[in-house]
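Me: I would like to go through this model with you, one element at a time. Please keep the answers plain.

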Amino acid sequence: MRANYLFTSESVSEGHPDKVSDQISDAIVDLFLSKDPEARIACETLTTTQLVVLAGEIRCKGVYEDGAWAAGAQEEIEATVRRTVKEIGYEQDGFHWETFRFENNLHGQSAHIAQGVDASGNKDEGAGDQGIMFGYATDETPDLMPATLYYSHKILERMAADRHSGAAPFLEPDTKSQVTLRYEGSLPVAATAVVVSTQHAAGYDTGAKEAELHAYVRKVVADVIPPVLLRDTVYHINPTGSFEIGGPDGDAGLTGRKIIVDTYGGAAPHGGGAFSGKDPTKVDRSAAYITRYLAKNIVAAGLATRCTIQLAYAIGVSKPLSLYVDTHETGIVGDDLIEAAIMNIEKLGGLTPRGIRTHLGLNKPIYRKTAAYGHFGRKPEGDFFPWERTDLVEDLKAALA
């Protein structure tokens, strides 16, 4: 493993067109799970100039049954979509929560998929699809996340908070950040470059107003990134110049196009499956959450300073095909011993889809909050972000004793 290198991660704000799509898709997931905890949802969203389109497959008691919508269901879906866009803050001529055109093309789930996923007779619930999922944790930050992504997210979270509160009224919703860190001895020692491109009000691309915007961004960066890292940092703030046209009006958005932003900023492998818009029977989502949970608890337990975990599934099959642990030569015990310990912890249910959902409590409307600023490295509160808990530490230690 290289000890000295530069590494970069990016983040995008809640107003980025792809993230608008992710949040709409997950708002639909939450809506259906609030009606039926066993609902099946695969909701894709397209956003563009004054248009939002939903597509995908669903099954939900009291909402969509026997090929028909319940009374008022479609109106509630549209209201949920418009409310989501309003909360993000889009009231622009090219994309306004109240006036965009809306299409709902959701339809019933395939019976052939359902027969593989549903439990029946002696058959346990199967995975909603085949695939590989990865989880990761590192001791670079208090949240056990890669520092490049951690700081990229925090910059945008702070800017969004200031926009919503009115502290920075010149900001508009669409923003991107990027942080490059120099690593020495595998730990970050300097931020060599910071990029922030933010949509802004008219006039903030020249003269005194542009200077005000640049000064604001530099202050946010200074508040987020420790001063010891901000030595000879190169700043690129709105490097293309004007950024008045943004969001879905400036670029079409699609669910699932920011999977690296959603996970580990490129610091770990990715299986390729998106999260947003999917109910937790889809292992693209639930297995990615449990692998993060396992990796985080391994690092929190002091068993390693860095950990990558892979799980693999076949559609309709409950048991995982494989479990792989890699502590990158930082572990205090063998990786094979950690693998065995994980499979021997009964509360994890053998890492079946049902076992994962039961242990983490995933059949709840908890997903809209995940759809911006990363699914990982977030604060577990109540039912939200349960995969960020470190309540498996003692179980791992006991299983390895």
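**Overall layout**

Reply: The protein chain has 11 helices and 15 strands; helices (H or I, at least four residues) and strands (E, at least two) are DSSP runs, numbered from the N terminus. This is a predicted model, in which local features need pLDDT of at least 70 and side-chain atom pairs count only at pLDDT 80 or more, while totals for chains, interfaces and linings use all residues. Residues are numbered from 1 along each chain as its sequence is written, and side-chain values use heavy atoms, with hydrogens and water left out.

Me: What is the radius of gyration of the protein chain?

Reply: It is 22 Å, close to the 21 Å that the globule rule gives for 401 residues, so the chain is as compact as a globular protein of that length. The radius is taken over C-alpha atoms, and the globule rule is 2.2 Å times the number of residues to the power 0.38.

Me: And what box do the C-alpha atoms fill?

Reply: Along the principal axes, the C-alpha atoms of the protein chain fill a box of roughly 70 × 60 × 30 Å.

Me: Let us turn to H1 and H2. At what angle do they pack?

Reply: Helix H1 (residues 17-35) and helix H2 (residues 73-88) pack at about 135°, and their axes are 9 Å apart. Axes are lines fitted to C-alpha atoms, for helices over the stretch in contact, and angles run from 0 to 180 degrees between N-to-C directions. H1 and H2 are therefore oblique to each other; angles under 35 degrees count as roughly parallel, over 145 as roughly antiparallel, 65 to 115 as roughly perpendicular and the rest as oblique.

Me: Is the crossing of H1 and H2 left-handed or right-handed?

Reply: The crossing of H1 and H2 is right-handed. A crossing is left-handed if the near helix is turned anticlockwise from the far one by less than a right angle, and right-handed if clockwise.

Me: Which residues meet there?

Reply: From H1, Val20, Gln23, Ile24, Ala27, Ile28, Leu31, Phe32 and Lys35 meet Glu76, Ile77, Thr80, Val81, Thr84, Val85 and Ile88 of H2; contact means heavy atoms within 4.5 Å. By class, the contact of H1 with H2 holds 10 nonpolar, 3 polar and 2 charged residues. Here Ala, Val, Leu, Ile, Met, Phe, Trp, Tyr, Cys and Pro count as nonpolar, Asp, Glu, Lys and Arg as charged, and the others, Gly among them, as polar.

Me: Now the sheets. What is the strand order in the one with E8 and E13?

Reply: This open sheet of 4 strands has the order E8-E3-E2-E13, with mixed pairing; two strands pair if DSSP finds at least two bridges between them. Strand E8 (101-108) and strand E13 (253-254) stand at the edges, each with a single partner strand, so one side of each has no neighbour in the sheet. Strand E2 (residues 40-48) runs antiparallel to E13, joined by 2 bridges, and leucine 46 has leucine 254 in E13 as its bridge partner.

Me: Which strands does H1 touch, and which does H2 touch?

Reply: H1 packs on the sheet and touches E2, strand E3 (51-59), E8 and E13, its direction making about 150° with that of E2. H2 also packs on the sheet, touching E3 and E8, and its direction makes about 125° with that of E8.

Me: What about the sheet with E14?

Reply: That open sheet has 3 strands in the order E9-E14-E15, with antiparallel pairing. The twist averages 15° from one strand to the next. E9 is joined to strand E14 (residues 306-313) by 8 bridges, and the bridge partner of threonine 138 is arginine 306 in E14.

Me: Which helix lies across E14 and E15?

Reply: Helix H9 (residues 335-343) does, running at about 135° to E15. H9 also packs with helix H11 (residues 393-400) at about 115°, with axes 9 Å apart, and H9 and H11 are therefore roughly perpendicular. Leu337, Ile338, Ala341 and Ile342 in H9 meet Leu396, Ala399 and Leu400 in H11. The residues of this contact divide into 7 nonpolar, no polar and no charged.

Me: One last topic: how many residues lie between the strands in the hairpin of E10 and E11?

Reply: The hairpin has 2 residues between the strands, and glycine 185 takes a positive phi near 65°. E10 and strand E11 (residues 187-200) pair in the antiparallel sense over 11 bridges, with serine 177 opposite valine 196 in E11.
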